[in-house]
Each structure stands twice: as C-alpha cells, then as structure tokens.
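The following exercises concern a protein model with a bound ligand. Work through each task before reading its solution.

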Amino acid sequence: RRYVLQGPKWSRTDLTWSLVNRTMPDAQKVRMMVSRALSVWENNSKLTFREVYSDQADIQIVFARLQHGDGYKFDGPGQVLAHAFYPGEGRGGDAHFDADETWDFDGGADDSRGTNFLNVALHELGHSLGLGHSSDVNAIMYPWYQNNEVDGKLPDDDRHGIQELYGSKEKT
Ligand SMILES: CC(C)C[C@H](CC(=O)NO)C(=O)N[C@H]1Cc2cn(c3ccccc23)CCCCCCNC1=O
Ligand SMILES: [Ca+2]
Ligand SMILES: [Zn+2]
Ligand SMILES: [Zn+2]
C-alpha cells in the first residue's frame with residue numbers, strides 16, 4: 001500500500017461534475033476526456049458520475065492561470081500543471097488546470113503535442129475523490145507527471161486506494 005488516503009471522502013457515491021469554462025476552445029474534447037477519466041474511477045469502485053450544467057456540481061472542472069482566487073496560484077507554462085481539492089462542500093472536489101500549459105486533449109502517447117490532459121485529469125480527479133499522493137512511481141497518484149498510457153486500466157496502487165474508500169463494483 002503506497003497510496004495515501006487523504007481524510008475526507010464523499011458520503012454519496014452518485015456524484016455530479018461540470019466544466020466551468022464551457023466556451024473554451026476544445027471544450028468538447030475536454031468534456032470527453034474528463035468523462036473518460038471519471039469512467040476509469042467509476043469502473044474500479046461503486047462511484048457513479050453524471051455531467052450537469054450547473055455551478056452546484058460536486059466536481060467543478062476549471063481552467064485558470066496564475067492568481068485565480070483560491071490562494072494556490074498557478075505558475076505559467078511547466079512546473080505545476082494542476083491542483084484539486086479533497087471531497088467537501090463548495091470548492092471541495094473541484095479540479096483546477098493551469099491554462100498556461102500546452103494541453104494535448106487527444107491522448108497523445110508522447111508529449112509531442114503537449115501535456116497529456118487525460119493523465120493529469122485522472123490524477124486530479126483522484127484527489128477530488130479523496131486520494132492523496134502515492135510513492136509508487138507507476139501510480140496515477142504519483143506526484144510527478146508521466147505520460148503513461150492508462151487506456152481504461154487503473155494501476156493496482158490506485159485501484160486499491162479507491163476501493164478502500166468506496167468499495168469495488170458489485171460482482172455481477
Ligand atoms: C502529477 C501532476 C499531473 C500534477 C502535479 C501537481 C499535483 O500534485 N496536483 O495534484 C504536478 O504538476 N507535478 C509537477 C512536479 C514538478 C516537476 N518538476 C517541477 C518543477 C517545478 C515545480 C514543480 C515540478 C520538474 C520539471 C517538470 C515540470 C512539468 C511537470 N510537472 C510536474 O510533474
Ligand atoms: Ca504551470
Ligand atoms: Zn486553483
Ligand atoms: Zn497531486
């Protein structure tokens with residue numbers, strides 16, 4: 001067990017999410033990738049996710065740059081790529097992505113077209129669900145970005161972490 005369970009967890013398993021920057025370029029690709037990242041967590045737990053178009057969503061997805069109102073300012077291109085808040089009311093669960101990064105929303109296997117948004121979204125949404133960082137270098141929750149192909153399969157350490165929080169899917 002290398003992952004860290006970070007305190008609070010959601011008291012519900014049916015959660016909602018919403019993309020705040022609805023008119024940003026590539027908004028459709030962003031929504032698709034967020035949905036793919038959430039289904040990876042959904043497939044390995046009892047959690048279910050539903051997209052809503054409201055700022056009342058449990059998990060708000062935000063693209064912002066530098067100072068953006070939460071005291072954790074971003075730093076321009078590179079360095080910190082994103083951050084997220086652990087489960088809770090208000091900004092709890094929200095995931096913020098640095099708008100100054102060159103994001104690749106098409107799931108490129110190398111970083112030739114930019115930083116793989118799907119990988120970063122998987123990591124941030126892990127925090128949104130209550131997972132801290134892992135010392136397992138192969139884990140999604142490892143604190144350093146790596147463009148590792150996850151197509152659907154969650155590394156063991158991350159799966160153990162999410163199942164400790166929210167159980168595993170009923171064996172059908
Ligand atoms: C895991 C990731 C999706 C989210 C994490 C932040 C995080 O944990 N959010 O929940 C992140 O951005 N980590 C930095 C950590 C980091 C690496 N370096 C840095 C140089 C300066 C500042 C930070 C870093 C060395 C240079 C590479 C910089 C580009 C990649 N950046 C990182 O890997
Ligand atoms: Ca940055
Ligand atoms: Zn923020
Ligand atoms: Zn992190």
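**Exercise 1.** In which loop is the place of Tyr86? Classify the residue by its exposure as well.

*Solution.* The model is a predicted one.
Step 1: Tyr86 belongs to the loop that joins strand 4 and strand 5 (95-98).
Step 2: The relative accessibility of Tyr86 is 28%. Buried means under 20% and exposed means over 50%, with partly exposed in between; Tyr86 therefore counts as partly exposed.
Step 3: Relative to Arg2, Tyr86 is 84 residues away in sequence, and their C-alpha atoms are 18 Å apart in space.

**Exercise 2.** Determine where ligand 1 sits and describe the shell around it.

*Solution.*
Step 1: The largest pocket holds ligand 1.
Step 2: Of the 14 residues around ligand 1, those that come nearest are Gln79, Leu81, Glu124, His133 and Tyr145.
Step 3: By class, the shell residues comprise eight nonpolar, five polar and one charged.
Step 4: At least two shell residues come from each of strand 4 (82-84) and helix 2 (117-129). Helix 2 gives the most, with four residues.

**Exercise 3.** Which polar atoms of Leu81, His127 and His133 lie by oxygen atoms of ligand 1, and at what distances?

*Solution.*
Step 1: For Leu81, a polar backbone atom is 2.9 Å from an oxygen atom of ligand 1.
Step 2: For His127, a polar side-chain atom is 3.1 Å from a ligand 1 oxygen atom.
Step 3: For His133, an N or O atom of the side chain is 2.9 Å from an oxygen atom of ligand 1.
Step 4: Ligand 1 has 670 Å² of accessible area on its own, and the protein covers 69% of that area.

Notes:
Residues are numbered from 1 along each chain as its sequence is written. Chains are lettered from A and ligands numbered from 1 in the order in which they are written. This is a predicted model: local features need pLDDT of at least 70, side-chain atom pairs count only at pLDDT 80 or more; totals for chains, interfaces and linings use all residues. Side-chain values use heavy atoms; hydrogens and water are left out. A residue is near a molecule or strand if one of its heavy atoms lies within 4 Å of it. A polar contact is a pair of N or O atoms within 3.5 Å; within protein, one must be able to donate a hydrogen and the other to accept it, and residues adjacent in sequence count only if both atoms are side-chain atoms. Accessible areas come from the Shrake-Rupley method with a 1.4 Å probe; for residues, only the protein chains shown count as cover. On a 1 Å grid over the protein atoms alone, a cavity is a set of points where a 1.4 Å probe fits but cannot get out, and a pocket is an open set with protein on both sides within 12 Å along at least five of seven lines; lining residues have an atom within 4 Å of a point. A molecule sits in a cavity or pocket if more than half of its atoms lie within 2 Å of its grid points. Ala, Val, Leu, Ile, Met, Phe, Trp, Tyr, Cys and Pro count as nonpolar, Asp, Glu, Lys and Arg as charged, and the others, Gly among them, as polar. Buried means under 20% relative accessible area, exposed over 50%, partly exposed in between (1.4 Å probe, protein chains only).
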